[in-house]
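Please look through the sequence and the model below before reading on. The paragraphs that follow lead from one strand to a whole chain, and then to the place where two chains meet.

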Amino acid sequence: MGNSWYGPLADPSGNAGYAADHPPRVGFFTDTSVCIGCKACEVACKEWNALPADGPHHDQPDLLDLTATSYDNTGALGASTYRHVAFIEQTRPRAAAATVDLGMPLPAGDATEVRWLMASDVCKHCTHAACLDVCPTGALIRTEHGTVLVQDDICNGCGYCIPACPYGVIDQRKGSREEGGGGAFKCTMCHDRLGAGLQPACATACPTESIQFGPLDELRDRAARRVETLHRSGVPEARLYGHDPDDGVGGDGAFFLLLDEPEVYGLPPDPVVTTRDLPSMWRHAAAAALTVAATVAAAFLGGRR
Amino acid sequence: MVPDAEFTSYYGRPIIKSPTWKVPDVPLYLYLGGAAGTSACVGALADLTGRGPLRRWGRFAALTGALVSVGALVHDLGRPRRFLHMLRVLKPTSPLSVGSWILAPFGTLSGLAAASELTGIAPAVGRAAGIGAAALGPAMTTYTAVLLADTAVPAWHEGHRELPFVFAGSALAAGGGIGLAATGDVRPARRIAVAGAVLELVATAVLERRVGFARTAYTSGRPGRLLTLARAATLVGAAAATAGGLVPGRRGRLLSRIAAGLLNGGAAATRFGIFEAGIVTARDPAYTVQPQRARVEARRDGVPVGMSDPMHPNDPHDGLQPHALEPERGEDVEAAEDDGNGGPARNPGGDATGADPRQLDKG
């Protein structure tokens with residue numbers, strides 16, 4: 001088994017069978033501390049991938065799918081939304097904020113301030129991708145770039161990848177056969193653009209470089225330095241999420257700098273690829289199957305004519 | 001900054017995606033596949049021990065189960081015309097792939113055995129095919145537990161050790177129950193049915209005890225009701241099956257047939273209840289966040305996972321506090337219903353000591 005299913009794995013593409021000269025692993029570093037919530041990433045992604053409106057999945061006849069959650073009108077990642085900008089409005093004690101002494105008297109007692117967290121969520125392209133592991137048709141593959149891709153012409157819409165993803169990313173698109181519905185869809189990291197030497201659409205469109213694209217090692221270094229800078233500037237709550245190869249999914253191809261706990265953004269605090277426990281599952285299933293066989297055999301042996 | 005100790009979520013939205021699998025298609029398949037698997041074993045052994053009627057029931061039940069199963073599974077696909085893509089690869093990391101490669105030969109061999117039974121042609125081929133199907137039968141009964149457990153759904157994944165035994169017991173009860181409807185010597189079927197019922201009841205109880213944070217999902221709301229119904233039907237069915245063996249003549253046979261219906265109804269209710277519990281835990285982010293947050297905190301503090309802090313016995317990590325779900329349009333909000341324990345918003349009556357350490361630990 002080695003680290004094919006769980007644990008640090010530096011080269012998932014090599015592990016998947018690509019030749020040693022495959023391109024370096026690429027990914028996203030999404031620095032939410034500079035996100036302005038403009039949703040250019042959402043628009044660029046929808047345009048480049050020709051994604052349909054989200055309407056049918058939310059069971060909402062109205063095209064303006066207002067969710068009443070701040071400026072977030074996509075709600076979550078899904079089969080027609082590969083970039084989802086989350087908005088969280090928080091009230092917190094003023095003392096927790098970074099302050100500059102302007103020589104003015106500070107209000108006494110429990111003064112509060114409001115801050116806005118904005119983050120562009122995306123498929124994590126996990127090192128150990130549960131969606132890929134459970135796909136029975138081989139539609140989900142690891143690409144030469146280290147990303148995870150659904151081959152739409154193979155997918156038969158069995159839906160197994162959907163509950164397998166620990167981040168709740170991949171989903172099944174509704175719609176008729178002519179519309180291409182029924183299959184599972186998720187971010188491709190603009191695989192068609194990568195082949196042409198371009199960056200993914202969202203990274204290209206982001207005006208603040210909140211979404212950064214490049215070789216994963218480089219991004220991880222850059223992210224570590226960015227966190228240090230933020231800590232020095234009085235933003236102690238900045239932390240990286242999905243950067244660690246020792247985490248439950250072997251580290252993500254798309255990782256984040258967050259300003260609060262992951263669950264505040266709708267991310268799981270400690271995701272683990274379900275395949276980690278698969279050997280144990282098969283062992284227990286085998287034991288149970290043997291129990292069935294033994295029970296049936298014993299039942300017949302007991303009363304043999 | 002949001003304090004760590006409280007449960008937070010993004011506007012109460014789910015974190016993982018619940019399965020898009022259709023009801024009744026998939027839970028019905030779980031039940032039918034198990035019943036078919038046991039029936040194939042019963043049919044083959046009945047054949048080898050000269051019990052004609054039992055053989056007949058076993059073979060027909062195996063084929064019927066396999067056919068309806070395949071129909072349900074193909075219907076459940078998002079792109080049904082591509083159902084053969086299931087056999088493109090054999091992938092051990094995908095229980096669905098492995099299962100397809102169990103179901104396909106099982107169905108074929110069951111078909112051959114049943115065809116021979118129906119036409120009377122080539123009984124030797126029928127016998128060999130029946131034995132082949134029987135060899136796959138036990139796998140048919142338990143691989144579906146791995147299918148459910150190999151997801152991020154908390155109720156299923158956290159029960160991955162117990163689910164195979166629940167499904168095994170349920171399949172034995174169902175298949176044995178079907179055999180009870182036959183005429184002639186059905187003593188083996190009776191033994192299988194009762195043993196299966198006992199295993200199903202015990203394994204379900206163990207599952208509910210050991211599943212950790214997800215326990216609330218199994219014991220409240222619609223899943224709780226379904227599983228209670230299943231328990232009752234299985235208990236009464238086992239009693240009726242036993243009585244059917246003790247009471248002679250027509251009344252005994254009637255009791256056996258009642259047992260067959262109750263045991264199968266109970267087995268089906270078990271599968272539907274477990275399926276439903278999974279959906280509940282997928283939709284409520286609390287089931288995903290709380291155990292994971294507890295793991296993170298334990299690692300941070302260097303505390304063995306799952307043990308309460310003796311300095312703070314009322315630590316909010318003890319037990320699950322699922323929050324009331326925002327009703328989605330047109331959806332049945334079972335998770336927000338009163339569960340008899342004072343509603344999901346409060347700490348449900350459950351394990352006061354919190355999750356079982358094994359469930360939160362590795363492997």
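Two strands are said to pair if DSSP finds at least two bridges between them, and helices (H or I, at least four residues) and strands (E, at least two) are themselves DSSP runs, numbered from the N terminus. The model is predicted, and local features need pLDDT of at least 70, side-chain atom pairs count only at pLDDT 80 or more, while totals for chains, interfaces and linings use all residues. Residues are numbered from 1 along each chain as its sequence is written, and chains are lettered from A and ligands numbered from 1 in the order in which they are written.

With that in mind, begin at strand β1 (residues 26-31) of chain A, which is joined by five bridges to strand β8 (residues 211-215) of chain A, the two running antiparallel. Within this pairing, Phe28(A) has Phe213(A) as its bridge partner in β8(A). β1(A) also pairs with strand β10 (residues 254-258) of chain A, here in the parallel sense and over four bridges, and Phe29(A) stands opposite Phe255(A) in β10(A).

In a regular strand the side chains alternate between the two faces of the sheet. In β1(A), Val26(A), Phe28(A) and Thr30(A) point one way, whereas Gly27(A), Phe29(A) and Asp31(A) point the other way, and all are buried. Buried here means that 20 or more other C-beta atoms, placed from the backbone, lie within 10 Å of the residue's own, while 12 or fewer would make it exposed and a count in between partly exposed.

Chain B is built from twelve helices and zero strands, and buried residues make up 58% of its 363 residues. One residue to follow there is Thr288(B), which is found in helix α11 (residues 285-301) of chain B. Thr288(B) counts as buried because it has 27 C-beta neighbours inside 10 Å. Leaving aside residues up to four places away in sequence, Thr288(B) touches Ile15(B), Ile16(B) and Pro154(B), as well as Pro268(A), where a contact requires C-beta atoms, placed from the backbone, to lie within 7 Å.

How many residues does the contact take from chain A and from chain B? The contact takes 64 residues from chain A and 72 residues from chain B. On the side of chain A that touches chain B, the largest share, 16 residues, comes from α8(A).

Terms used
Two residues are in contact if their C-beta atoms, placed from the backbone, lie within 7 Å.
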